Amino acid sequence: MTDLVRKSLCALALSFALVSVGNAAALVEPTLHLKLQQGGGRVALTLDACGGKTDTRILSALVENRIPATIFVTGIWLKRNAAAVEILRAHPDLFELENHGGRHIPAVDTPRKIYGISGAGSPDAVQAEVESGAAALASAGGPAPKWFRGATAEYSPSAIAMIRKLGFKIAGFSVNGDGGSLLGAKETARRIAAAKDGDVIIAHINQPTHAAGEGVVQGLLALKQKGMTFVRLDDAEDVGNDGTTD
């Protein structure tokens, strides 16, 4: 191999490496806010039901205190939590069920891991994740979903464009309430209670053994005591960045 050929191959390899690094850094974590209006004091509670079981502490508190919420459910969670789904469906005035994917796979169309979870890895796999989540919700009855939130809430920009073409708005957030359900009760309560007019809160309803669930309830009750109004995503005008809602 001549020096010229060797140098050309090395340059080509370096260019591919730089492209790969650029792609790896391209993920976005979209935000979402409610449009502010006169006499505000509104927040939207969104809860992810990724897999596992149901945190009945949260579900019971929502029903007892008449707090509306948008629940993002996976096909996995729907299969394992029939009793909770029945409760959610029995309160259509409170709960809006939306698409969290069929198998809780990040909507990233290149091979990589996000927080240790393997992404979909291809455009076809992203589409399958979105459509299988919608199909699972259809099988469970009720209205067709209008919103999608991918696992980890991070996306490749090209996946965002694809999901929008499939007819879904993408649900970002402005307040990370429970840090993926890994925070303690005190910090979770503090974050949620600090939500302001127009905020969209994300937390989890599928980890009944985690301390964060207790904090979710405390934070929500604190907001209610302050006089905050809770709305579902479909009941308010929303503004998302990165092309997620426009």
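This report covers the confidence, cores, helices and selected residues of a predicted model.

## Confidence

The mean pLDDT of the protein is 91. Of its residues, 90% reach 70 or more. Residues 4-23 are the exception to note: over this stretch the pLDDT is below 50. Beyond near neighbours in sequence, residues 4-23 have three contacts in the model. Where pLDDT is low, the predicted coordinates should not be read in detail.

## Nonpolar cores

The largest nonpolar core has 33 residues. Leu45, Leu47, Leu62, Ile71 and Phe95 have the most contacts inside it. Both strands and helices contribute. The strands that each supply at least two residues of this core are S2 (42-49), S3 (69-73), S4 (95-99) and S10 (200-204). The helices that do so are H2 (56-64), H3, H4 (82-89) and H8 (212-226). Apart from this core lies another, of 15 residues. Ala120, Val130, Ala134 and Phe168 are among them.

Leu47 shows how such contacts reach across the sequence. Residues up to four places away are not counted here. Leu47 touches Ile58 and Leu62. It also touches Ala69, Thr70, Ile71 and Phe72. Ala203, His204 and Ile205 complete its list of contacts.

## Strands S3 and S4

S3 and S4 pair in the parallel sense, over five bridges. One of the partnerships joins Phe72 to Glu98 of S4. Five of the five residues of S4 are buried, so the strand is largely enclosed by the rest of the structure.

## Helix H4

H4 has a buried side and an exposed side. Its buried residues are Ala84, Val85 and Leu88. They cover an arc of only 100° around the axis, which puts them on the same side of H4. Ala82, Ala83 and Glu86 are exposed on the other side.

The buried residues of H4 pack against two helices and two strands: H2, H3, S3 and S4. H4 is also one of the elements that each supply at least two residues of the 33-residue core.

## Arg80 in helix H3

Arg80 lies in helix H3, which spans residues 75-80. Arg80 is exposed, and its relative accessible area is 59%. Leaving aside neighbours within four places in sequence, Arg80 is in contact with Gly51 and Gly52. Arg80 and Gly51 are 29 residues apart in sequence. In space, their C-alpha atoms are 8.0 Å apart.

## Ser156 and helix H6

Ser156 sits in the loop between strand S7 (147-148) and helix H6 (157-165). Ser156 is buried, with a relative accessible area of 6%. Its contacts are with Leu27, Ala107, Val108 and Asp109, not counting residues up to four places away in sequence.

The buried residues of H6 are Ala159, Ile160, Met162 and Ile163. They cover an arc of only 165° around the axis, which puts them on the same side of H6. What covers these buried residues includes helix H5 (123-139), S7 and strand S8 (169-170). Gly167 follows H6, and its phi is positive, near 100°.

Notes. Residues are numbered from 1 along each chain as its sequence is written. This is a predicted model: local features need pLDDT of at least 70, side-chain atom pairs count only at pLDDT 80 or more; totals for chains, interfaces and linings use all residues. Side-chain values use heavy atoms; hydrogens and water are left out. Helices (H or I, at least four residues) and strands (E, at least two) are DSSP runs, numbered from the N terminus. Buried means under 20% relative accessible area, exposed over 50%, partly exposed in between (1.4 Å probe, protein chains only). Contact means heavy atoms within 4.5 Å. A nonpolar core is a set of buried Ala, Val, Leu, Ile, Met, Phe, Trp, Tyr and Cys residues joined through side-chain atoms within 4.5 Å. The arc is that of the directions from the helix axis to the C-beta atoms. pLDDT is the predictor's confidence in each residue, from 0 to 100. Two strands pair if DSSP finds at least two bridges between them.
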